[in-house]
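Please open the structure in a viewer and keep the sequence panel beside it, since each stop below begins with something to select.

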Amino acid sequence: MAPPATSKPARLLVALAVTVIGLGAWAFWPGSDTVIRLGLDLQGGTQVILIPRPATEGAEITDEQLQQSVAIIRQRVDGLGVAEAEVTTQGSGNGAAIVVAVPGENQERVVNLVQRTALLDFRPVWSILSPVATPPVPTPTPTPTDAAVATPTATPTPTPPPAVPQPELPIQAPTQTQEFTEDLAALNCLLPENVAGGTPDDPTQWLGACDQLGSAKYALEPAFIKGTNVTGAEAVLPQNGLGWVVSLEFDSEGARALADASTRLSALPECGQGASPCNAFAIVLDGVVVSAPRFNEPIIGGQAQIEGDFTAQEARDLANVLKYGALPITLEVADVTSVSATVGGDQLRAGIIAGALGLALVCIYLLLYYRILGIVAVVSLGVAGLMLYFLLVGLSKTVGLTLTLAGVAGAIVSIGITADSFIVYFERIRDEMREGRSLRQACDTGWVRARRTLLAADFVALLAAAVLYFLSVGSVRGFALILGLTTIMDLIMAFWFTHPITVLLGRTRFMQRGSRWTGLDPERLGRASVIDTLSGQSRRRKEQGVGA
Amino acid sequence: MSNLGQRIYRGEVSYNFLGRWKRWYILSAILILISIGAVAIRGLNLGLEFRGGADFGLPSATCSVEEARTVAEVATGGPAIVTVAGSGAMRVQTEPLTPDESLVVAQELGAACGVAATDIRVQVVGPTWGAEITSKAIQGLLVFIALVTIFLAFYFEWRMAIAALVALIHDLIITIGIYALIGLEVTPATLIGILTILAYSLYDTVVVFDKVKENTRNIAGQSVMTYEEAANLAVNQTVVRSLNTSITSILPVLAIIIVGAGLLGAGTLLDLAVALAVGTAAGAYSSIFIATPVLSQMRSRQPEMKALAARVHARRKQAAAKGAQPEAGEQAPTTLVSSRVESLERNQPKRSSRSRRKKG
């Protein structure tokens with residue numbers, strides 16, 4: 001006897017249960033993080049927003065250039081040794097922004113690090129040293145390189161090298177002074193901060209620097225080519241070659257300098273074993289040696305190839321670094337926000353209290369107005385909240401979503417949107433009953449009509465969230481994301497929970513009897529009697545409105 | 001009271017929302033004029049993000065406002081604005097500073113006001129950032145309006161899309177006007193709030209228009225009620241719904257305002273919530289008092305609607321001449337609207353036969 005339209009609710013509820021349990025399992029899978037990552041405004045830290053500007057007016061910034069800038073900033077920030085530091089881009093082209101977020105309280109260091117322009121230069125290698133620090137020698141020996149030729153296997157040192165006070169980076173001097181030599185000896189390339197870069201060097205001076213992997217340190221002569229002389233770099237696989245190479249092109253000034261330097265350096269002895277000066281040159285980016293190839297022969301004509309045992313990825317990375325020299329971008333610091341951990345905690349607490357209060361107010365209102373149906377709404381809000389929590393945990397660990405204060409506000413605001421859906425549906429049921437339908441039928445026909453309204457209204461909300469997300473910077477995105485997620489969840493809850501539960505409720509005797517606690521009692525709706533219509537003789541009685 | 005809902009729904013009790021359109025238009029015109037005037041005369045109190053500058057938040061300050069201002073002005077060599085926010089919290093705003101300078105100012109403020117420098121919230125904004133945010137917001141606004149107009153034009157019809165847009169712009173102007181009038185600070189969070197209003201305002205309008213669309217589906221095929229009357233019935237039928245959705249939308253926003261003002265002082269939450277509260281209220285108002293009348297007036301200008309109105313009036317005159325019907329003693333509009341219910345019922349067999357088909 002039950003109409004087919006009402007025979008599905010159990011199936012829908014099972015679908016919902018499976019979804020919720022699935023989300024929960026995804027979020028709390030053993031062995032993974034199970035916390036929502038908080039934005040800096042909620043946990044304290046420093047956020048810097050940088051706007052890349054093209055060096056020449058009117059030029060367009062490409063995605064590649066943007067990614068290169070991000071890669072360099074990321075390397076620097078990682079050097080801070082702070083877990084969960086983040087570098088992200090928002091937008092693209094000339095409207096792009098780079099957002100650096102570092103938890104903890106090291107504002108000045110963060111800002112200093114990220115706003116510097118990285119420099120690329122090519123320097124002749126004077127000598128290659130062991131990466132470890134050598135304690136300062138009270139009376140410097142005339143040949144400082146002796147101490148450094150130690151091969152790692154020859155002198156096994158199980159204990160880590162004694163903490164040597166680290167010199168300030170970059171280690172530079174106009175000539176190879178004694179101080180320069182001592183500082184270089186003390187430099188410990190095993191420390192992450194010494195290989196992170198962010199210490200652009202003066203190309204006209206000597207430089208002491210680490211290899212980017214921390215595997216060696218270098219004493220380097222003043223630069224012979226600046227990064228701006230590089231006009232192109234590409235990773236190529238030569239047809240007759242053995243592996244990937246990086247091919248380089250220089251402008252005329254760079255080509256001349258390259259010819260001179262390569263002629264001079266290729267005549268020098270092989271690097272290593274204390275040879276200095278030797279026949280290699282170092283590619284220095286941001287104060288760190290990226291690569292140190294040797295010259296095989298003089299290079300005339302401004303075209304060079306760097307060979308090595310490169311994988312495709314390594315060759316591409318090196319080519320990218322080389323291209324950076326010509327990167328026509330300057331970074332402008334647009335916004336620096338620093339929030340202490342205490343303030344962050346306060347904001348989080350306020351957000352939670354506001355959310356709880358808002359939820360309580362809406363629940364009370366729904367219960368007062370809709371009685372039993374209100375309970376459906378309240379439970380539905382609870383399940384939606386649970387799903388949002390699972391989603392946030394899951395997205396935190398998969399795509400690195402962070403919850404900001406604006407996001408919390410979005411979640412609170414969405415309580416209202418979710419409640420709106422019940423109201424649209426419940427009022428529709430009431431309308432249908434006023435037109436003379438039985439509760440059972442009203443639950444179904446009301447749904448058919450409410451569904452259209454819900455889909456249209458939620459589509460508009462989703463559209464707003466999507467536009468906000470894709471066309472905004474900073475905290476707006478967090479808000480838009482949460483708003484979008486909750487709108488989708490609102491639809492899921494309406495289709496898979498509110499509707500089937502209401503239909504099931506509509507089948508119970510209690511609801512059909514139309515007590516005043518159901519929120520659908522005939523007196524409040526103005527119907528003379530529900531029993532009459534339940535008898536099925538006439539679903540619509542023309543006089544009932546007049547009779548009530 | 002007990003069956004007021006029923007009587008409104010059936011049209012026995014109805015409020016002539018649409019007939020009194022002049023009243024609403026004048027009210028809205030006054031509000032809009034005040035808003036535009038407020039923005040023109042008082043201007044918007046643009047936040048730090050739009051002006052550029054440095055902002056120091058001291059969670060608990062032991063110094064006086066004067067002391068803090070002196071310290072900040074000496075340290076920066078420029079003017080400083082000091083405001084007290086909430087319980088002992090203080091906010092110091094200065095001209096744009098370099099990050100290094102801002103650190104020095106934070107340390108000096110901390111020393112003078114008994115706050116650890118690390119506990120001070122520091123924000124430094126470059127002068128071009130505001131332009132960046134504003135252009136993004138305007139871009140977002142235009143894209144959204146374009147997309148939503150296309151959607152509404154397809155889902156409803158182009159006249160409904162235009163009416164919804166009129167209501168939307170009405171809400172935006174009034175919200176911005178209130179910010180200018182009260183002098184509330186406009187921050188990026190405010191912009192978020194204003195952009196969110198778009199969704200809210202349209203949600204209400206979509207609900208009302210959906211009912212209008214349903215009531216007027218076969219309007220040209222009868223001669224019992226005019227378009228305006230059918231639309232007015234729809235507004236009456238959805239008024240309870242609009243009221244309820246607006247209340248449940250505003251309740252959480254109110255919670256944010258209470259908690260934001262009470263616990264935090266000015267901040268992201270408060271900026272966002274005030275815009276939302278104003279916008280939601282304006283959205284609920286405009287969907288009934290602006291969007292639907294505008295729609296009805298546009299539709300009533302169509303030739304077939306004019307013809308319909310003529311038919312309805314002719315029929316009504318005829319009925320009056322006959323002096324018919326026992327209930328005719330009541331007001332004319334009431335009778336008409338209840339006869340609309342009959343016509344609704346005449347439509348019913350279509351629907352019930354569909355559901356019967358499902359049963360079988």
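The tour that follows goes from whole chains to single strands, helices and residues.

**The two chains**

Bear in mind from the start that this is a predicted model. Colour by chain and by secondary structure, and chain A will show 17 helices and 14 strands, while chain B has 12 helices and 6 strands. Buried residues make up 48% of the 548 residues in chain A, and they likewise make up 48% of the 360 residues in chain B. If you draw the contacts with a separation of 6 or more, residues 24 or more positions apart account for 73% of them in chain A and for 78% of them in chain B.

**The largest nonpolar core**

Select next V100(A), A409(A), V460(A), A464(A) and L109(B), which touch the most other members of the largest nonpolar core, a set of 192 residues. The largest share of this core, 18 residues, is contributed by helix α10 (residues 268-300) of chain B. Centre the view on A464(A) and leave aside its neighbours within four places in sequence: its contacts are then F144(B), L195(B), T196(B), L198(B) and A199(B). A second, separate core of 56 residues can be located through C210(A), Y218(A), A280(A) and V284(A), which are among its members.

**Helices of chain A**

Show helix α12 of chain A, residues 439-470, whose 32 residues reach 44 Å from the first C-alpha to the last, close to the 46 Å expected at 1.5 Å a residue. Where should one look for the kink in α12(A)? The kink is of about 30° and is centred on W447(A).

Move on to I482(A), which lies in helix α13 (residues 475-507) of chain A. Is I482(A) buried or exposed? With 26 other C-beta atoms within 10 Å, where 20 or more are required, I482(A) is buried. Not counting residues up to four places away in sequence, I482(A) touches G407(A), G410(A), A411(A) and S414(A). A distance drawn between the C-alpha atoms of I482(A) and T404(A), which are 78 residues apart along the chain, should read 9.9 Å.

Then select R371(A), found in the loop between α9 (341-370) and α10 (372-398) of chain A. The phi of R371(A) is near 55°, a positive value in a residue other than glycine, and with 17 C-beta neighbours inside 10 Å this residue counts as partly exposed. The helix α10(A) has 27 residues and reaches 39 Å from its first C-alpha to its last, close to the 39 Å expected at 1.5 Å a residue. Just after α10(A), G400(A) takes a positive phi of about 70°.

**A buried strand in chain A**

Select strand β11 of chain A, residues 281-285: 5 of its 5 residues are buried, so the strand is largely enclosed by the rest of the structure. Both faces are covered, with F281(A), I283(A) and L285(A) buried on one side and A282(A) and V284(A) buried on the other. Add strand β4 (residues 120-129) of chain A, which runs antiparallel to β11(A) and is joined to it by 5 bridges; in this pairing L120(A) has L285(A) as its bridge partner. Add also β12 (residues 288-291) of chain A, likewise antiparallel to β11(A) and joined to it by 3 bridges, where V284(A) stands opposite V289(A). The hairpin of β11(A) and β12(A) has 2 residues between the strands, and D286(A) takes a positive phi near 60° there.

**An open sheet**

Show β9, β10 and β13 of chain A, which form an open sheet of 3 strands in the order β9-β10-β13 with antiparallel pairing. Why is one side of β9 (230-236) and of β13 (303-310) left without a neighbour in the sheet? Both stand at the edges, each with a single partner strand. The twist averages 20° from one strand to the next. Between β10 (residues 244-250) and β13(A) there are 6 bridges, and S247(A) stands opposite Q305(A).

**A strand pairing between chains**

Finish at strand β5 (residues 121-125) of chain B, of whose 5 residues 4 are buried, so that β5(B) is largely enclosed by the rest of the structure. Strand β14 (residues 329-339) of chain A pairs with β5(B) in the antiparallel sense over 4 bridges, and D335(A) has V125(B) as its bridge partner. Strand β2 (residues 53-58) of chain B also runs antiparallel to β5(B), joined by 5 bridges, with F56(B) opposite V122(B).

Note on methods. Residues are numbered from 1 along each chain as its sequence is written. Chains are lettered from A and ligands numbered from 1 in the order in which they are written. This is a predicted model: local features need pLDDT of at least 70, side-chain atom pairs count only at pLDDT 80 or more; totals for chains, interfaces and linings use all residues. The expected span of a helix is 1.5 Å times one less than its number of residues. The bend at a residue is the angle between axes fitted to the seven residues ending there and the seven starting there. A residue is buried if 20 or more other C-beta atoms lie within 10 Å of its own, exposed if 12 or fewer, and partly exposed in between; C-beta atoms are placed from the backbone. Two residues are in contact if their C-beta atoms, placed from the backbone, lie within 7 Å. A nonpolar core is a set of buried Ala, Val, Leu, Ile, Met, Phe, Trp, Tyr and Cys residues joined through C-beta atoms within 7 Å. Two strands pair if DSSP finds at least two bridges between them. Axes are lines fitted to C-alpha atoms, for helices over the stretch in contact, and angles run from 0 to 180 degrees between N-to-C directions.
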